Amino acid sequence: MSDEPKKDDPVELRCPKCREKVTIPREQADTAMHARCSKGHEFEIARAI
Ligand SMILES: [Zn+2]
């Protein structure tokens, strides 16, 4: 057994327009500049870390 760091740790974002919670994979948060909520609002991914 090995203790590998979680790569697919999901990242929680919140749409600034409708305040909906959007969960995306960490891989997407690292590479993509924007995310989209289910209502179609596109917003910038803010790096909190
Ligand atoms: Zn939205």
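Arg19 is exposed, because only 8 other C-beta atoms lie within 10 Å. A residue counts as exposed with 12 or fewer other C-beta atoms within 10 Å of its own, as buried with 20 or more, and as partly exposed in between; C-beta atoms are placed from the backbone. This is a predicted model, in which local features need pLDDT of at least 70, side-chain atom pairs count only at pLDDT 80 or more, and totals for chains, interfaces and linings use all residues. Residues are numbered from 1 along each chain as its sequence is written.

Where does Arg19 lie? Arg19 sits in the loop between E1 and E2. Its phi is near 65 degrees, a positive value in a residue other than glycine. Most residues other than glycine have a negative phi.

Now take the whole chain. The protein chain has one helix and four strands. Helices (H or I, at least four residues) and strands (E, at least two) are DSSP runs, numbered from the N terminus. In sequence order the pattern is β-β-α-β-β. The protein chain has 49 residues, and 4% of them count as buried. Contacts can be sorted by their span in sequence. Two residues are in contact if their C-beta atoms, placed from the backbone, lie within 7 Å. Of the contacts between residues at least 6 apart in sequence, 13% join residues at least 24 apart.

Return to the two strands around Arg19. E1 and E2 form a hairpin, with six residues between them. The strands run antiparallel, and five bridges join them. Two strands pair if DSSP finds at least two bridges between them. One bridge can be named: Glu12 has Thr23 in E2 as its partner.

Val11 belongs to strand E1. Its C-alpha atom is 5.6 Å from that of Thr23, twelve residues along the chain. Val11 counts as partly exposed because it has 18 C-beta neighbours inside 10 Å. Which residues does Val11 touch, not counting those up to four places away in sequence? They are Ile24, Arg26 and Ala29.

Helix H1 covers residues 26-31, and Asp30 lies in it. Is Asp30 buried or exposed? Asp30 is exposed, because 11 other C-beta atoms lie within 10 Å. Asp30 also gives a distance to strand E1's Val11. The two residues are 19 apart in sequence, and their C-alpha atoms are 9.8 Å apart in space.

Cys15 comes last. Cys15 is in the loop between strand E1 (10-14) and strand E2 (21-25). Cys15 is partly exposed, because it has 18 C-beta neighbours inside 10 Å. Leaving aside neighbours within four places in sequence, Cys15 is in contact with Glu20, Val22, Cys37, His41 and Phe43. How far is Cys15 from Gly40, 25 residues apart along the chain? Their C-alpha atoms are separated by 9.9 Å.
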